[in-house]
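Welcome! Here is a short briefing to help you find your way around a protein you have not met before. Take a look at the sequence and the model, then read on.

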Amino acid sequence: MATVSVTFDNLGEAAELERGTWPEGQPLGEHFTVRECLPELLGLLAREDLRATFFLEGLNGELYPDAVAGLRAAGHEVACHGWRHEPWHGVSDERGRLERARDALGGPIGFRPPGGRLNPETPELLSGLGYRYCSPAGSRAGRLGGLAVLPFRWELIDAYFYLPHFGPLRERNGDPEAPMEPAVVRERVLAALDAHTEGHLALIFHPFLLTAGPDALSVVADVLARVAELDHVPMDEAAAALPDDAGPPELDDAGWDD
């Protein structure tokens, strides 16, 4: 059986605050990804009758509680993407960040580590805090203890194609070092969907990358239309369907910047 999950990572100003690039003195709580991009995405999802999973930084639960509640009210899953989009591999106070994000987001059961890599302690911490699955970078789903693991593939992320700092990873995969156009995203992701015949496939889009070019939004629309023709589920349902006796997952041992 082949299933597909549409997921969205990152919302609001959390990542800019973490990197120290948020303009000093600029008010919080009015980020364009929440006020402009999110309504566009929700409209596309509603048009295709798709339920998606939104991996949000925990800070969004404090800055945008109405938006978080609105996602759930529309039938979408809210999952955790760290507290403030901190690179997760080697992060300090891992338990505290997971617990704070869980509480701010209203008890999500899914976690995707910013940067794609878990720490050795992460699976046990997640299970102890009530999370039921995680989604690091990798190529095969499985279980770590009782925790379901639904990996993503870097080449199925819009950021892989658009952002300059993914250049080294693109080169390692035989792609151009320079960022690529939205048309390439459309071609690659649709081809991956056509080739997907078994297991679970996670697609990742970022709301802020709707500004990557004039065709970026239409690429998302085209992909969602194709997914609507397939067996599609949010990540929590895909995790629940993973057999209890599933073997260990196959995960990447390097992030995009290694």
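## Surface and overall picture

The accessible surface of the protein comes to about 11,300 Å², and carbon and sulfur atoms hold 49% of that area. Please keep in mind that this is a predicted model.

**Fold and dimensions**

- You can trace 11 helices and 10 strands in the protein.
- The protein is as compact as a globular protein of its length, because its radius of gyration of 17 Å is close to the 18 Å that the globule rule gives for 258 residues.
- Measuring along the principal axes, the C-alpha trace spans about 50 × 40 × 40 Å.

**Interior and contacts**

- Of the 258 residues in the protein, 50% are buried.
- Among contacts with a separation of 6 or more, 70% join residues that are 24 or more positions apart.

**Charges**

- The protein carries 43 negative side chains and 21 positive ones.
- The centres of these two sets of charges lie 2 Å apart.

**Cysteines**

- How many disulfides does the structure hold? The number is 0.
- Why is Cys 80 not bonded to another cysteine? The closest cysteine sulfur, in Cys 134, is 11 Å from the sulfur of Cys 80, which is too far for a bond, since a disulfide needs the two sulfur atoms within 2.5 Å.
- Seen from the other side, the cysteine sulfur closest to that of Cys 134 belongs to Cys 80, again too far for a bond at 11 Å.
- Cys 80 is buried, with a relative accessible area of 0%, and Cys 134 also counts as buried at 0% relative accessibility.

Key. Residues numbered from 1 in each chain as written. Predicted model: local features only at pLDDT ≥ 70, side-chain atom pairs only at ≥ 80, totals over all residues. Heavy atoms only, no water. Buried < 20%, exposed > 50% of the residue type's maximum accessible area, 1.4 Å probe, protein only. Helix = DSSP H or I, 4+ residues; strand = E, 2+ residues; numbered from the N terminus. Rg over C-alpha atoms; globule rule 2.2 N^0.38 Å. Contact = heavy atoms within 4.5 Å. Areas by Shrake-Rupley, 256 points an atom, 1.4 Å probe, with all protein chains shown as cover. Lys, Arg positive; Asp, Glu negative; His and termini not counted. Charge placed at Lys NZ, Arg CZ, Asp CG, Glu CD.
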